[in-house]
Amino acid sequence: IDADKDGVLTLSEFRNAISEDDLIEYFQVLGLAIEDVETLFILLDRGQKGQINIDEFMHGCLRLKGEATSFELAKLLYESQWLCHNLEMIAHEAIPHLQHQVARLGCGSATSVPTIPRSCDRATPCKACNT
């Protein structure tokens with residue numbers, strides 16, 4: 001698999017290796033579909049370095065093996081919804097402050113900072129500068 005024998009596997013090496021029958025059989029034994037090579041590589045490259053070593057490859061393949069249970073899918077859905085909700089809350093807090101700072105500095109209009117629709121309007125002063 002490691003064409004240049006440097007101890008790591010890049011996406012291009014992985015793409016080339018996927019065409020080998022031995023690797024296809026390995027993934028089939030694990031129950032992994034390899035239609036989307038890039039996504040599979042990203043899932044294996046947990047460190048987001050653009051390359052994976054043999055340990056990452058082996059542990060990643062074993063981690064991805066088999067079917068997801070309903071519980072695991074429900075957990076992922078919950079975590080995803082929780083993350084989206086909290087990011088939205090952070091954005092609702094940050095954007096009014098950014099709009100105020102942009103207007104105060106005069107480097108654009110307050111409308112140059114995006115807004116997020118919200119059911120209640122923030123009418124309190126900016127905590128950062130007390131204005």
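So, Arg 15: in this predicted model it comes out partly exposed, at 39% relative accessible area. Its partner is Glu 38, with the closest N and O atoms of that salt bridge 2.7 Å apart. Glu 38 is partly exposed as well, at 33% relative accessibility. What I like here is the connection along the chain. Arg 15 belongs to helix H1, residues 11–18, and Glu 38 to helix H3, so the bridge ties together parts that are 23 residues apart in sequence.

How many salt bridges does a search of the whole structure find? Two. The other one joins Glu 56 and Lys 49, and there the closest N and O atoms are 3.6 Å apart. The two ends sit in opposite settings: Glu 56 is buried, with a relative accessible area of 18%, whereas Lys 49 is exposed, at 51%.

Okay, that brings me to Asp 45, my favourite residue in this one. You'll find Asp 45 in the loop that runs between helix H3, 37–44, and strand S2, 51–53. Asp 45 is buried, and yet it has no salt bridge. In general, side chains of opposite charge can pair when their charged atoms come close. So which side chain of opposite charge is nearest to Asp 45, and how far away is it? That's Lys 49, at 5.4 Å, and since the cut-off for a salt bridge is 4 Å, the pair doesn't count.

What does the Asp 45 side chain reach, then? The backbone, in two places. One is the nitrogen of Gly 50, at 2.8 Å, and another is the nitrogen of Lys 49, at 3.2 Å. So Lys 49 turns up twice in this story: its backbone nitrogen is reached by Asp 45, and Lys 49 also forms the salt bridge with Glu 56. Glu 56 is itself on the contact list of Asp 45, along with Gly 50, Gln 51 and Ile 52, once you set aside residues up to four places away in sequence.

Now the nonpolar side. The largest nonpolar core has 16 residues, and the members that touch the most others are Phe 14, Ile 18, Phe 27, Leu 44, Phe 57 and Cys 61. H1, H2, H3 and helix H4, which is 54–64, are the elements giving two or more residues to this core. H3 supplies the largest share, four residues. Take Ile 18 from that list: beyond its neighbours within four places in sequence, Ile 18 contacts Leu 23, Ile 24, Phe 27, Ile 34 and Val 37.

Zooming out a bit. There are five helices and two strands, and from the N terminus the order is β-α-α-α-β-α-α. Of the 131 residues, 22% count as buried. If you look at contacts between residues at least 6 apart in sequence, 49% of them join residues at least 24 apart.

Last thing, confidence. The average pLDDT is 78, and 79% of the residues score at least 70. S2 has the highest confidence, at 91, while helix H2, residues 21–30, has the lowest, at a mean of 77. Then there's the stretch over residues 118–126, where pLDDT stays under 50. The model does have eleven contacts for that stretch beyond four places in sequence. But where pLDDT is low, the predicted coordinates should not be read in detail.

Terms used:
Residues numbered from 1 in each chain as written. Predicted model: local features only at pLDDT ≥ 70, side-chain atom pairs only at ≥ 80, totals over all residues. Heavy atoms only, no water. Buried < 20%, exposed > 50% of the residue type's maximum accessible area, 1.4 Å probe, protein only. Lys, Arg positive; Asp, Glu negative; His and termini not counted. Polar contact = N/O pair within 3.5 Å; in protein donor to acceptor, adjacent residues only side chain to side chain. Contact = heavy atoms within 4.5 Å. pLDDT = per-residue confidence, 0-100. Core = buried A, V, L, I, M, F, W, Y, C linked by side-chain atoms within 4.5 Å.
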